[in-house]
Amino acid sequence: MRLLHTDTLELCTFFGTYIPRYAILSHTWEDEEVTFEDMKPAGNASGLKGYAKIREAAKLARTEYIDYIWIDTCCIDKSSSAELSEAINSMFTWYQKAWVCYAYLSDVKRCPDPGPSKSRLDTVRRSRWFTRGWTLQELIAPLRLVFYDCHWDRINDRYELASVIEETTGIRQQVVTGHLRLSTVSAAEKMSWAAKRETTRAEDIAYCLLGLFDINMPLLYGEGPIKAFTRLQQEFLRGSDDESIFACTEAFYGLLAPSQRLLLQLLPPQPLSATSTAVAGRIG
């Protein structure tokens, strides 16, 4: 695992079971993000717009006496397909094990009214952060998640915003607060959380769900979202008897749903438990 030192802003690589305490950043990608290549001595990291985000996230971690932080833009060498695949398959666990996760909402401006005022919460609800595929696992996995606005002023933590998050994402408050174990939530309900989200690369709408389903599979960029999504469901079925995965119209699309958006249209109106056997579209 590669981490950024919060004081020197140098990248450090750790192997084996010993990983130092670290913070982790959740954010949406924008122009001039700093990559792994940019962070090399010959790179131009400090000349890019995204460097300010890295610097401020590291500064925030230092206020909590945390020496390291993981940031996806610069801590993964994306030129290596093997490293990228390992990172994506490990990412949910990395967010789970982080000491704290900082969710940076770059489109939420400073509110003249401090605290959870209605106007401030309305702005939070409209943040692009809640529409992206990868931020779904980043919302659920961390033990501690704190939201910050574009000026790095604290908004609130996940528990304080649980009702707002439920209204915005459809994820039940019990899941948001950790009072309901993720393993007890049906596959169909988890897929519905991603149905309205988007990713830059088409296949990522499937790959961003790997951690939520507790599965690993190889990444095949270029296969297209339908094949990626079908492989995700097939891999899930190899280790689970959760039949809610069959919440799909077989007559038109076969046993498995070809996309998460189609699945949302076909889901029952109430959440399904992971042990439910009354599933629409099941054959036999």
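Me: Which relative accessible area makes a residue count as buried?
Reply: The structure discussed here is a predicted model. In it, a residue that is neither buried nor exposed is called partly exposed, and exposed means over 50% relative accessible area. A residue counts as buried when its relative accessible area is under 20%.

Me: Is Arg-132 buried or exposed?
Reply: The relative accessible area of Arg-132 is 15%. Because the limit for burial is under 20%, Arg-132 is buried.

Me: Which residue forms a salt bridge with Arg-132, and how many residues apart in sequence are the parts that the pair ties together?
Reply: The partner of Arg-132 is Glu-198, with 3.9 Å between the closest N and O atoms. Glu-198 lies in the loop between helix H8 (187–194) and helix H9 (204–207), while Arg-132 lies in the loop between helix H4 (118–125) and helix H5 (134–140). Glu-198 is partly exposed, at 45% relative accessible area. The salt bridge of Arg-132 with Glu-198 therefore ties together parts whose separation in sequence is 66 residues.

Me: How many salt bridges does a search of the whole structure find?
Reply: Side chains of opposite charge can pair when their charged atoms come close. One of the pairs is Glu-56 with Arg-55, whose closest N and O atoms are 3.8 Å apart. For the whole structure, the search finds 13 salt bridges.

Me: Which residue meets Arg-154 in a salt bridge, and is that residue buried or exposed?
Reply: The N to O distance in this salt bridge of Arg-154 is 3.7 Å. Arg-154 itself is partly exposed, with a relative accessible area of 42%. Its partner is Asp-157; at 18% relative accessibility, Asp-157 counts as buried.

Me: Which residues do salt bridges with shared partners join into one network?
Reply: Beyond single pairs, salt bridges that share partners can be traced as one network. The residues joined in this way are Asp-122, Arg-125 and Glu-167.

Me: Which residues form a negative surface patch?
Reply: One member is Glu-30, which is found in the loop between strand S3 (22–26) and helix H1 (51–63). Patch members need over 30% relative accessible area, and Glu-30 is partly exposed at 41%. The negative patch is formed by Glu-30, Asp-31, Glu-32 and Asp-107.

Me: How many residues of H8 are buried?
Reply: Helix H8 is mostly covered. Its buried residues include Glu-189 and Lys-190, and also Met-191 and Trp-193. The number of buried residues in H8 is 8 of 8.

Me: What percentage of the residues of the protein chain count as buried?
Reply: The protein chain contains 12 helices and 7 strands. Its accessible surface comes to about 13,800 Å², and carbon and sulfur atoms account for 51% of that surface. Of the 284 residues of the chain, the share counted as buried is 55%.

Me: Which residues is Cys-12 in contact with, leaving aside its neighbours within four places in sequence?
Reply: Cys-12 is found in strand S2 (residues 11–13), and its relative accessible area of 22% makes it partly exposed. Arg-2 is 10 residues from Cys-12 in sequence, and their C-alpha atoms are 5.6 Å apart in space. With those neighbours set aside, the contacts of Cys-12 are Met-1, Arg-2, Leu-3, His-5 and Tyr-68.

Definitions and conventions
Residues are numbered from 1 along each chain as its sequence is written. This is a predicted model: local features need pLDDT of at least 70, side-chain atom pairs count only at pLDDT 80 or more; totals for chains, interfaces and linings use all residues. Side-chain values use heavy atoms; hydrogens and water are left out. Helices (H or I, at least four residues) and strands (E, at least two) are DSSP runs, numbered from the N terminus. Buried means under 20% relative accessible area, exposed over 50%, partly exposed in between (1.4 Å probe, protein chains only). Accessible areas come from the Shrake-Rupley method with a 1.4 Å probe; for residues, only the protein chains shown count as cover. A salt bridge is a side-chain nitrogen of Lys or Arg within 4 Å of a carboxyl oxygen of Asp or Glu. Patches are made of residues with over 30% relative accessible area and no salt bridge: like charges are joined within 9 Å, nonpolar side chains (Val, Leu, Ile, Met, Phe, Trp, Tyr) within 5 Å. Lys and Arg count as positive and Asp and Glu as negative; His and the chain ends are not counted. The place of a charge is taken as NZ of Lys, CZ of Arg, CG of Asp or CD of Glu. Contact means heavy atoms within 4.5 Å.
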